Protein chains: 2
Amino acid sequence: MPDSPCGSLPSGSSFSEEERRGVYRAIYERRDVHSFLPDPVPDDVLGRILDAAHHAPSVGFMQPWDFLVIRDASVRQAVHRNFERATLRAAAAYAGEQRKIYDSLKLAGILDAPLNLCVTCDHARPKGSGLGRQTDPASDLYSTVCAIQNLWLAARAESLGVGWISILDFEELKAILGIPAALRPVAYLCIGYVTEFRRQPQLEEKGWETRTGLASITHFDHWGNHQQAAK
Amino acid sequence: MPDSPCGSLPSGSSFSEEERRGVYRAIYERRDVHSFLPDPVPDDVLGRILDAAHHAPSVGFMQPWDFLVIRDASVRQAVHRNFERATLRAAAAYAGEQRKIYDSLKLAGILDAPLNLCVTCDHARPKGSGLGRQTDPASDLYSTVCAIQNLWLAARAESLGVGWISILDFEELKAILGIPAALRPVAYLCIGYVTEFRRQPQLEEKGWETRTGLASITHFDHWGNHQQAAK
C-alpha cells in the first residue's frame, strides 16, 4: 500500500475556495453506480481510497473494519449468482407499476466492475477498550459506515464510481469469501471507472422515489419545531 | 434553508488537482473535536452542512434521517447532565493507567459548542418501499451514518469542528428532546469553530490506542490472503 497523500498537505488551515468546492462536488456528484467500464483500477488509486476509508472516525479509535478486495472472476461470479437469487426473491414484494420500475433498475455491476470490495465490522475487536461503546453497542457499525462513506467520496474525486449492493444473502456471502462467523459484512461495493455520473440518483430519475424537502425533516431545539427561534 | 451550492457546479467531469486535494484534506484533517470557540455558526453555513448530509446515499432513496438542531442553553444543559452521569458510569470499567488516561480525555463539548445536532433514524419511514432493506434491515442505519459523515467532512471544509458524543443515556436523550419512541437517535454532535484541528486524533495523542496498519486488515480475493495475486 502506498503512503497516504496527507504527509505533504497543509494541515489545520482553512480550505481554499477550490478545495472547499471539491468537497461539495464529491458530496453532490457521488452516485450509487452500477454500470462500469472494464478499465482496471491502478494499485496506487486503490491504495488512496482504502487509506481514505481507514482514516474514518471510529468509536474509541477501535477501527473495527477489514477490507476484502475482490478481483478474481470466479469469486465475483459466485457473488453475482447470490445477488441474482436475492433480487428475484426481493422482487416478489412489488406489483404493477412498481414492479415494472423495479425490473428496469440496474442494482448491481458485480461482473462489470473490475474491482469489488467487501467491508466488514468486527464487533469483538479489542482495540479502543470499549470506549464509547457501553452506551451504544452499534457504534462500531457506525464507524464502519463512516469508512465506507470516506471511500465513496474519495472515489468520486478519483473519477471512480462506487455501487453499494444491499440485495445479497449475507450468510452465503460470508461462506463464499471465507469471512469468519463472528464478523459482519456491512457493505459489498462495486468499484470502477464509469461513462457518466448521473445528474440525479437512478431511483429519482426512474420515478421510484422523490427527494424529501430538507426543511420538513429539520427541527429546532425540540422535536417538531420546524421554525428557528428568533435570535 | 438556502439552496444547495451544487446548482452552479460543473457536474460529471474530473476533479482539478486542488478540488481533489480538498476531498483528501477533509478526510485526513477531520477530527473528533470537543473544544470549541463560542462564535455562532451562521445560518448559511449550517444550511450547507445540513444539505450536504441530506445528499448522502440512502437505501432505496429512503432518506431515513431527521436533523434536530439545538442551540437553546437549557436543552444543552440537560443533555450535558445526561452525559456527565453516563461518563461516570462508563469510567468504572477502567482502572490504573487506563483510568488516568480516561479521566484526562475531553469527550464532549456540549456547553462550549454554539450548536448541537441530533441525527435520528426512522426505521418505519415508508419512503423507498423497502428496496434493499429486505436482506439487511440495518441498512437504514447505514444511510443515516453516511449523512453524518457527509456533514462531518463538509464541516471541516467550512473550518467547523464536529464531535460525536456516544456516551449518553439515549432513552433519556429522547425524552429531553421529545423524539418519538419509534425513532432511534444515531448521533449527538457538537459543532462549532475551533482553535485548532489536532494533527493526530486525541486518543492516539494521549496513548489510548494506536492506529492499525492498513495492510494487516486488507485481504485479497479470500479472507486471510494479505498478498495480491500476481497479475
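The paragraphs below describe how the two chains of this predicted model are related, the cavities inside it, and one helix of chain A.

A good place to start is the relation between the chains. Chain B can be superposed on chain A with an RMSD of 0.0 Å, using a turn of 180° and a shift of 0.0 Å along the axis. This is the relation of a two-fold axis. Both copies also use the same surface, since 100% of the contact residues of chain B recur in chain A.

Attention now turns to empty space. Rolling a probe the size of a water molecule over the atoms shows where such space is left. In this structure, two cavities of 30 Å³ or more were found. The largest cavity holds about 510 Å³ of space, and 29 residues line it. Nearest its centre lie A:S58, A:V59 and A:G60 from chain A, along with B:D32 and B:L203 from chain B. Several elements give two or more residues to this lining: in chain A, helix 5 (139-157), and in chain B, helix 1 (17-29), strand 3 (160-165) and helix 7 (202-205). Helix 5 of chain A provides the largest share, with four residues. In character, the lining of the largest cavity is mixed, with 16 nonpolar, nine polar and four charged residues.

The second largest cavity holds about 30 Å³ of space. Its lining can be listed in full: A:V23, A:A26 and A:L153 come from chain A, while B:V23, B:A26, B:I27 and B:L153 come from chain B. The elements giving two or more residues here are helix 1 (17-29) of chain A and helix 1 of chain B. Of these, helix 1 of chain B gives the largest share, three residues. The lining of the second largest cavity consists of seven nonpolar residues, with no polar and no charged ones.

Finally, helix 2 of chain A is worth following in the structure. This helix covers residues 43-54, twelve residues in total. From its first C-alpha to its last, helix 2 reaches 16 Å, close to the 16 Å expected at 1.5 Å a residue. Ten of its twelve residues are buried, so helix 2 of chain A is largely enclosed by the rest of the structure. Buried here means that a residue has under 20% relative accessible area. The buried residues of helix 2 run from A:V45, A:L46, A:G47, A:R48 and A:I49 on to A:L50, A:D51, A:A52, A:A53 and A:H54. Among them are A:R48 and A:D51, residue types that count as charged.

Notes
Residues numbered from 1 in each chain as written. Chains lettered and ligands numbered in written order. Predicted model: local features only at pLDDT ≥ 70, side-chain atom pairs only at ≥ 80, totals over all residues. Heavy atoms only, no water. 1 Å grid on protein atoms, 1.4 Å probe; cavity = no way out; pocket = protein on both sides within 12 Å on 5 of 7 lines; lining within 4 Å. Points joined across faces, edges and corners; volume = space filled by probe spheres on them. Expected span 1.5 Å × (residues − 1). Buried < 20%, exposed > 50% of the residue type's maximum accessible area, 1.4 Å probe, protein only. Least-squares fit on C-alpha atoms with pLDDT ≥ 70 in both. Contact = heavy atoms within 4.5 Å.
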